[in-house]
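Reader: I would like to go through this structure with you, starting with strand pairing. Could you take my questions in turn?

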Protein chains: 2
Amino acid sequence: MNFFFRPKGIALIGASATPFKGGNSILKNLITGFDCGIYPVNPKYETIEDVRCYPTVADVPDPVDLAIVFVPAPHVPAIVRACADRGIKGVMIESGGFSETGEGGAALQRELLEIRKETGIRLWGPNCMGLVDAVKRYVFSFVSPMIWQEGLTPGDVSLVVQSGMLSGAFLMDLMTHGVMGISKVCSIGNKMDVDECDLLEYLVDDPDTGAIGLYLEAIPDGRRFTEICRRSKKPVVLLKGGRSEVGAKAAMSHTASLSGNGAVIRGALAQSGVTEANDFKQMMDISRALAAFPDTAPKRDARVAVLTYTGGAGIVSVDFMDGLGLAPALLSEESRAKLKTVFPEWMPISNPVDLWPAVERNGAEKTYGVALDAVCSDPGVDAVLIHAFAGGFALKPDLAGMAETAKGAGKPVFIWLLGTIDAAKEFHQEAQELGMVVYREVYRAVECMGALFNRPLPAASEIPSARAVSLDEAQEKILSESAGALDEHFSKKLLSAAGIFVVEERIVKTPEAAEKAASEFGLPVVMKGLLPGEVHKTEKNLVRLDIRSFEDVRQIFDELTREMDSRGEILIQPYVKGDLELIAGLVNDPQFGTCVMCGFGGILAEVIADVAFAMAPLSHEEALALIRRLKAQKLLDGFRGAPAVDREALAQTLVQLGDLGATNEKIEQVDINPLIIRDGSPIAVDASVILGEKP
Amino acid sequence: MNFFFRPKGIALIGASATPFKGGNSILKNLITGFDCGIYPVNPKYETIEDVRCYPTVADVPDPVDLAIVFVPAPHVPAIVRACADRGIKGVMIESGGFSETGEGGAALQRELLEIRKETGIRLWGPNCMGLVDAVKRYVFSFVSPMIWQEGLTPGDVSLVVQSGMLSGAFLMDLMTHGVMGISKVCSIGNKMDVDECDLLEYLVDDPDTGAIGLYLEAIPDGRRFTEICRRSKKPVVLLKGGRSEVGAKAAMSHTASLSGNGAVIRGALAQSGVTEANDFKQMMDISRALAAFPDTAPKRDARVAVLTYTGGAGIVSVDFMDGLGLAPALLSEESRAKLKTVFPEWMPISNPVDLWPAVERNGAEKTYGVALDAVCSDPGVDAVLIHAFAGGFALKPDLAGMAETAKGAGKPVFIWLLGTIDAAKEFHQEAQELGMVVYREVYRAVECMGALFNRPLPAASEIPSARAVSLDEAQEKILSESAGALDEHFSKKLLSAAGIFVVEERIVKTPEAAEKAASEFGLPVVMKGLLPGEVHKTEKNLVRLDIRSFEDVRQIFDELTREMDSRGEILIQPYVKGDLELIAGLVNDPQFGTCVMCGFGGILAEVIADVAFAMAPLSHEEALALIRRLKAQKLLDGFRGAPAVDREALAQTLVQLGDLGATNEKIEQVDINPLIIRDGSPIAVDASVILGEKP
């Protein structure tokens, strides 16, 4: 991919001499920043913008390995072929008019893909804004050359944005406000060849990139994407468009993206160490926080010291912490003693630390300096949130000194800044260059700090391997010959073969056999009628719970037989009353493949819809992490006097489910509902396995 | 309060000739903007800043009705007395050094309060930044005179900010960024006399104020505050500091504010039509949305059309809607036909409406104009979210024309804006003057639109009156003579007297009586041991559920008798198995008085902690609104095949609870747990009433 990011020479096909036209803007941008050969191609001109122009791409001299194309769509296939013939390695197609414009455009795009396959040439786009590299000052894009006057603020966050216009607009906004440092912005448009995976793979090894932010509407190759994220030593932050149901519909009509199941995506991303964002600037804000403090280890409820000049904002900061996985720090005696050296006598010392009375006595430089030193050397403080005001009230601290203190202590410092417009911008830039991160709203500052400490880390950079589940001959036969829903009894045999603990049960043929089973299991029991292919037993009135007498057992046997017109089989089990009802299962996601699911069942399922997913196979660690992602966590830890759920055993069950799915392609779906927790351990009480069509 | 807001003359005590001192800044600010008499008081000078100076306040000429005081705290009481003697009606004390600085300062503050009582003079502050009025250009504050150069952008949002420094810093930030229009900013500091209620009362009638935003750490007189909010025809938006438990602790150490119970405050505010904010700029952002569209009626799931130049942002906008009480509009055939006149053939029309291909063909002015006209005349559209870019891409729409279209249709238009720094500021100001609201982040735009359509409206501007509950003699006697927890049986008698439906039950003295009761009620039954003053029956093992035989009834009678050492009484009831477990009750809140509570009980209580409060007494409408505030709503509407909860009956129960509490001061607390829903109707199955100490 180096020919896209560091080409040795660029042919610009569709170069134009008309100001404000895209083909002119691209040329001007190249002239301003690109440091190797620039070869405009246009048969109508000798020169454009004083640069020699070539009639065709074949005439362009060496070295040239990249072409940027900005001509009407119908001309593009011939041009790409000419580029391949000329030995050019990559083409950035910035023109629109392809699959986003209906069938005619889609045909052109298919034609391009043919040429790609035939010649091996790599294609970026079409329908995109190309690439901007603020560090190298390469602008391979038709964004307005005005960008150069307003300032390309270099930084270490690289962005990949699917939507073309959005990447341009977002870039112009970020760049001209001068406070968000950018490394590369890649706009990939229709991503017919070069896609988010290719770019991500490049960026995770790019020395100019500290963190990667992405806006994507679909992640068609979810497995490859997440594998790259797992291996990345750099933080990856993703804003996924179409996470809600209505948003997903909108995404489909937008770029025919498949948006997918939000909960599956969330799980797969967390499993792979990706932080999810929910808005554009917020994605940038989180990315720069993660880029700024790469050595900060994740920590649940990290303890934060707040240094403020206004108690009110201190309180509001603390109000946000709990919901964002942070906690206010309890200051040590030593910290308090240090703060007392600048605080007036009457002023109680607590966290948030209200510095204002001390600032009035000692000035801002001394007060902020002493306070930051106190909290940075306090072992009970993991991070510091400083409230600052620029442009008055004699509140200017010594930023350089503060940065030194923070770096010495290895503690991340976040700043919430208010201020008059120019002073605030200057302060922002200075603080940022010194390695602190600055935000203009309290919530955003605390949110980004929360994202830093609560970012997911992959359990390992390698994908775990699945342990094959050994099935007996009968099971193998059914798996290979059947399709659709398997009955509960057989489904549980498969689970059992995978090592999952299932309820004891028996198929009974007569009322007497039922009674015998009940007496062996002990009352109360459960009886179910199993009809071939029927997964909605309860709705069909084929489930009888809590049967308390042998008389009832016999009578219910007859009832169920009648209900099923003697077609099905009757299953009898002990009635398992547990402390908690969970659900677990497998789904086959079009983007992320076979995924394991676990969540709360029963009434809770309807109220809190608390389920978590991860891609199969799972390591034991990953299974534990999946469980930790359940929001109603605390129910697992000994709820209302019940014993705590044995997380190791539950994780084991999920690993086994994952192995079953990962090693048996035929299995499309598994639902264990309920997975009852009894004496802390999970036991599958009802289950159904659904197979794909016969091969 | 007019003498604070529109004084006829101002004495400035503590006027200083030294630049940058507060007493000098106040004077400069007065000179720049105040249009009546300005009388600096300082015995050391003849004139300051060319204004004649007076040795004492007694020497100041008429008319003068306001004094601004900025001298060290110990001098303040004598000065206030002199002001009262001079006939001055109000004093704005901006100096610090009072109750916020410990006991010495608190004594000074008490002294001031004495003078206030004695003389009737009104006191604003101390420890505050005073008042800024950007419309009248009155700056009665020591904020830097720089504020005048940077621009006081007048607008119609007035702010009341408890914290002094915060109001100053926030004001400087808002003002100098030039895009947030402000009417008045009131900083009330220690609010020893003039408090948020006084200011709110003034502002709701202030013709220059369209919406009121407040930052408060405590609302000591919650009843008065909410009564004013109820009557207000203007939107009130409140950011309450100390809403979380840790935040509340921080608030207490900050200004000794009592932060209170977050859920009670939330309920009381919603009941009174107050919108809650959670951050400073967000409070301002919500306020300006509510001020801009005062005629927009609240509507659940209001239907939004999104006009965008970038499909990606359209998708993200839609992703936010569901969580914020909005929904994407389905465009009518007519709208689609209008859009087709500018859309290319191949472009499908959906909402979000991606305008980019049409802009490329027709230009931004025409395209945005046609599109806005289409959606504004669509009866299926309640509001429009426009995505705009300023400063390039030929995306400038005709703002004036758009504003006219929107106004003609009476539909609120929100704009999400990206752009180069100067162009975006200009666009922002222009759009705002035209009556549209502009935001720089997608989420904030959708959030503010959600706040507009989902703002709470009080059921009526008047407080409902309580219906007295008629108790019999025995009940009256116990109410007046007892204290602490009443037993379950008697508690339910009180509830029953209030009209609340309680489970049938009987106190039984012998096993035989128990058996007789059980046979009358029908098995299964519940038996409980009632010990005087004991409210934790379950923990004491005094509750037996689901008793299924008469033998068990007799045996359990003996067991409970033994458990209680024959001290208590034994209660027997039918075993009520309902469809849903709720809880309801009364609490006595120090800020908001007697409040009714309702929420989900059982396992749900521990997972979702979903309870809502409202101040008693409640009207029927208010009780219904309380129920609608429960997050897990949908459980009430026929869950898992159960009949829907009869909301009228449930509301009735809550009204009756409120009446009971509002007309019996002695009742401190009521807990109905569970309030079982059986066949849709609520029935109190266990309850305890707790009385205050004997008078």
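Author: Certainly. This is a predicted model. In chain B, strand E23 (residues 525-530) pairs with E24(B) in the antiparallel sense, over three bridges.

Reader: Which residue stands opposite B:Lys528 there?

Author: B:Lys528 has B:Val543 of E24(B) opposite.

Reader: And what is the strand order of the open sheet in chain B?

Author: The order is E22-E25-E23-E24 (chain B), an open sheet of four strands with antiparallel pairing. Strands E22 (506-508) and E24 (543-547) of chain B each have a single partner strand and stand at the edges, so one side of each lacks a neighbour in the sheet. On average, neighbouring strands of this sheet are turned by 25 degrees against each other, direction ignored.

Reader: Which helix packs on the sheet?

Author: Helix H20 (residues 488-497) of chain B does, touching E22, E23 and strand E25 (569-574) of chain B. The direction of H20 makes about 55 degrees with that of E25(B).

Reader: Changing topic: which residues of helix H3 in chain B are buried?

Author: In H3 (residues 76-86) of chain B, the buried residues are B:Val76, B:Pro77, B:Ile79, B:Val80, B:Cys83, B:Ala84 and B:Arg86. The elements of chain B they pack against include strand E1 (9-13), strand E6 (90-93) and helix H4 (103-119). After H3(B) comes B:Gly87, with a positive phi near 90 degrees.

Reader: Now the aromatics. How many aromatic pairs are there over all chains?

Author: There are 32 aromatic pairs over all chains. One of them joins A:Tyr39 and A:Tyr54.

Reader: Why is that pair edge-to-face?

Author: The planes of A:Tyr39 and A:Tyr54 stand at 75 degrees, with the ring centres 5.8 Å apart, so the pair is edge-to-face; the cut-off for that class is over 60 degrees. The pair links distant parts of the chain, 15 residues apart: A:Tyr39 is in strand E2 (residues 37-41) of chain A, and A:Tyr54 in the loop between strands E4 (51-52) and E5 (66-69) of chain A. Both A:Tyr39 and A:Tyr54 are buried.

Reader: What about A:Phe280 and B:Trp416?

Author: They form a stacked aromatic pair, 5.8 Å centre to centre with 20 degrees between the planes. The pair crosses between chains, from helix H11 (residues 280-292) of chain A to strand E19 (residues 413-419) of chain B.

Reader: Are those two rings' residues buried or exposed?

Author: A:Phe280 counts as buried at 2% relative accessibility, and B:Trp416 counts as buried at 1%.

Reader: Lastly, which residues form an aromatic cluster with A:Trp124?

Author: A:Phe3, A:Phe4, A:Phe5 and A:Tyr202 form one aromatic cluster with A:Trp124.

Methods. Residues are numbered from 1 along each chain as its sequence is written. Chains are lettered from A and ligands numbered from 1 in the order in which they are written. This is a predicted model: local features need pLDDT of at least 70, side-chain atom pairs count only at pLDDT 80 or more; totals for chains, interfaces and linings use all residues. Side-chain values use heavy atoms; hydrogens and water are left out. Two strands pair if DSSP finds at least two bridges between them. Helices (H or I, at least four residues) and strands (E, at least two) are DSSP runs, numbered from the N terminus. Axes are lines fitted to C-alpha atoms, for helices over the stretch in contact, and angles run from 0 to 180 degrees between N-to-C directions. Contact means heavy atoms within 4.5 Å. Buried means under 20% relative accessible area, exposed over 50%, partly exposed in between (1.4 Å probe, protein chains only). Rings of Phe, Tyr and Trp (its six-membered ring) pair if their centres lie within 6.5 Å; planes under 30 degrees apart count as stacked, over 60 as edge-to-face and the rest as tilted.
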